[in-house]
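Colleague: I'd like to go through this model with you and ask about the labels you put on things. Can you show it to me?

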Amino acid sequence: MRACNRLTMKEKIGQLLMTGFEGLMPDANIGDLLQNHFTGGVVFFSRNLDNPGQAFALTQELQRMAMAATGIPLWIGTDQEGGMVVRVRQGIAQLPAAMALGAARDPVLLYEAAKGTAEELKTLGINMNFAPVVDINVNPRNPIIDVRSFGDDAELVAELGIAAMLGFQDGGIVSVIKHFPGHGDTETDSHAELPVVRHSLERLRSVELVPFRQAARNGAEAVMTAHVGIPVLSGGESVPATLSREILTGLLREEMGFDGLIVTDCMEMNAVTQGIGVGEAVVRAVLAGADLLLVSHTYESQLEAVAALERAVADGRLPEERIDASVERILRLKELRIGELRERSWEETRTLLENPRTLRTIERLREKSITAVNREPDFCRLSPGVGTLVLWPQMAAACKSEDEPLYDDTLGSCLCPFITAKLTERVYGTSPSPDEIAALATESKEYGQIVVGIFHTASNPGQPALVRKLLAGGTKVILVSLRNPVDLAAFPEAKGFLACYEHHPHTLQALSRVLMGMAEPAGILPVTLPDHSSEGRESIEPRSASVVESAT
């Protein structure tokens with residue numbers, strides 16, 4: 001590994017950048033960035049990854065290009081959080097959604113699952129995971145964090161976040177905990193605009209900052225910044241945390257004693273570029289204390305970032321000492337996590353994927369996550385000899401961080417072996433029309449028990465309309481939340497419902513066993529369901545900003 005003092009300024013600036021590109025093979029743009037601008041890292045999205053064999057070949061080629069240009073290996077990172085936010089979508093172990101892990105509440109199993117996942121990512125050549133999310137989901141209106149969070153209790157999130165972080169690190173890759181100093185109590189998506197959190201310093205220290213502080217004490221190697229304005233931390237102004245020296249250097253570095261990598265969220269997001277552009281934003285981020293800058297999408301923006309940093313150094317605005325401090329951290333962690341690149345064949349690599357022990361650990365976590373919220377004992381059980389109708393929503397991505405679902409499995413196929421009477425399944429529209437609702441309600445009268453899946457009802461008003469129509473019909477109706485269980489609070493008339501937090505095929509198999517009484521729902525709600533009055537039950541009010549109740 002080359003030392004910082006042996007690099008040219010252009011090479012040092014390149015080490016600060018982590019860039020993305022389009023396609024399954026290196027294109028001319030990423031080639032230029034690696035070979036002529038010496039970019040130090042590459043970020044993968046689903047657009048870059050088709051299957052494990054292709055991913056392995058891609059990482060090998062990118063590393064060859066980087067080593068030929070600088071002799072320094074690349075960071076190759078991705079968002080392999082679990083649930084709906086995974087970029088390597090097949091052929092390796094897949095963690096459940098974080099909120100499912102919050103319901104399972106087993107840090108020992110989580111550590112083992114994260115460690116096994118990291119070992120498989122490392123085998124493919126991916127050495128950095130932008131996970132886990134340690135934001136605390138205290139706001140049911142949050143459009144971007146949602147089930148990516150372990151829950152709404154600060155201590156629970158810290159415990160599970162540290163278990164996942166240590167698992168990833170002990171599996172041989174960098175774990176980037178996110179999004180500092182907290183994105184959990186926001187109501188806007190920072191891809192589109194700047195969310196602002198207007199809490200007191202006391203509240204932030206007792207809630208949002210808890211997981212980050214504890215993670216720093218437990219050996220965190222990297223932290224991702226949030227494009228969130230927190231005026232009390234930045235001199236009363238709504239400056240994105242990514243651009244705030246008070247937050248990155250004053251709070252994270254000096255007060256919390258963190259000396260690992262500070263990694264920015266994508267610097268092309270509107271929340272951080274509005275009014276100033278990508279070039280000015282990356283310069284301000286480095287001045288604030290950031291080490292590694294993600295410019296994930298556009299070649300023009302990536303060139304703009306390079307030019308702006310070079311110009312800021314030439315003008316004396318960005319001191320060489322500031323650049324060197326970041327490069328030293330980057331190279332030190334590269335030496336630890338990458339070291340000398342080892343040649344491995346695909347034939348050897350493929351035997352190390354989908355490790356049976358890791359898969360079984362993850363399956364146990366999914367089984368432990370299924371959560372019952374019953375107002376009547378044993379209500380959420382199906383009778384094998386009773387005609388059963390399963391109504392299953394057409395699943396879709398819920399935010400810009402997610403890809404469209406890979407799996408089209410539904411509950412009906414899992415229940416089929418157990419129901420001896422007539423079993424019918426209908427997949428209904430994500431937000432069904434009045435005509436579709438009427439047709440399904442009419443058909444439901446032929447059955448003695450109904451299972452209805454729901455997700456993101458606030459954005460899909462046809463779903464609650466369908467549920468209320470069915471509940472009014474008098475037939476036994478079991479609701480199943482496939483995402484955030486706060487959806488269930490809108491139906492106080494329901495006698496019981498289940499939460500499974502995702503629709504992975506193995507999760508649906510575990511759900512079917514619970515519905516048939518073959519397994520107990522062992523999960524504990526990791527979020528507090530809002531209270532809904534009968535007059536205004538369609539609205540979800542944010543929880544109090546001053547108190548975070550335990551989900552238990």
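Modeller: Sure, starting with residue classes: Ala, Val, Leu, Ile, Met, Phe, Trp, Tyr, Cys and Pro count as nonpolar, Asp, Glu, Lys and Arg as charged, and the others, Gly among them, as polar. By those classes the lining of the largest cavity has seven nonpolar, four polar and three charged residues. One caution: this is a predicted model, where local features need pLDDT of at least 70, side-chain atom pairs count only at pLDDT 80 or more, and totals for chains, interfaces and linings use all residues. Residues are numbered from 1 along each chain as its sequence is written, and side-chain values use heavy atoms, with hydrogens and water left out.

Colleague: What is the mean pLDDT of the chain?

Modeller: The mean is 91, and 94% of the residues reach 70 or more; pLDDT is the predictor's confidence in each residue, from 0 to 100. Residues 533–552 stay under 50, and for them the model has 47 contacts beyond four places in sequence, a contact being heavy atoms within 4.5 Å.

Colleague: What makes something a cavity here?

Modeller: On a 1 Å grid over the protein atoms alone, it is a set of points where a 1.4 Å probe fits but cannot get out, and lining residues have an atom within 4 Å of a point. Grid points are joined across faces, edges and corners, and a volume is the space filled by probe spheres set on the points. Searching the whole structure that way gives four cavities of 30 Å³ or more. The largest holds about 180 Å³. Its lining has 14 residues, with G83, M84, V86, Y407 and H504 the closest to its centre.

Colleague: Which residues lie nearest the centre of the second largest cavity?

Modeller: E81, G82, A97, A98 and R148, out of 20 lining residues. That cavity has about 150 Å³ of space, and its lining counts 15 nonpolar, two polar and three charged residues.

Colleague: Why is L34 called buried?

Modeller: Buried means under 20% relative accessible area, exposed over 50%, partly exposed in between (1.4 Å probe, protein chains only). L34 has 1% relative accessibility, so it counts as buried. L34 sits in helix α2 (residues 28–36); helices (H or I, at least four residues) and strands (E, at least two) are DSSP runs, numbered from the N terminus. Leaving out residues up to four places away in sequence, L34 touches T39, V42, L62, M65, A69 and L74.

Colleague: And why does R105 count as partly exposed, and D146 as buried?

Modeller: R105 has 23% relative accessibility, so it counts as partly exposed. D146 has a relative accessible area of 6%, so it is buried. Both have a positive phi without being glycine: near 50° for R105, about 55° for D146.

Colleague: What makes a nonpolar core?

Modeller: It takes buried Ala, Val, Leu, Ile, Met, Phe, Trp, Tyr and Cys residues joined through side-chain atoms within 4.5 Å. The largest such set has 118 residues, and L62, W75 and F180 have the most contacts inside it. Helix α6 (residues 154–170) gives the largest share, ten residues. A second, separate core has 32 residues, among them A97, L440, A494 and Y501.

Colleague: Which peptide bonds are cis?

Modeller: One joins A131 and P132, with omega about 5°. Another runs from K178 to H179, with omega near 0°. P132 is in the loop between β4 (128–129) and α6, while H179 lies in strand β5 (residues 174–180).

Terms used
On a 1 Å grid over the protein atoms alone, a cavity is a set of points where a 1.4 Å probe fits but cannot get out, and a pocket is an open set with protein on both sides within 12 Å along at least five of seven lines; lining residues have an atom within 4 Å of a point.
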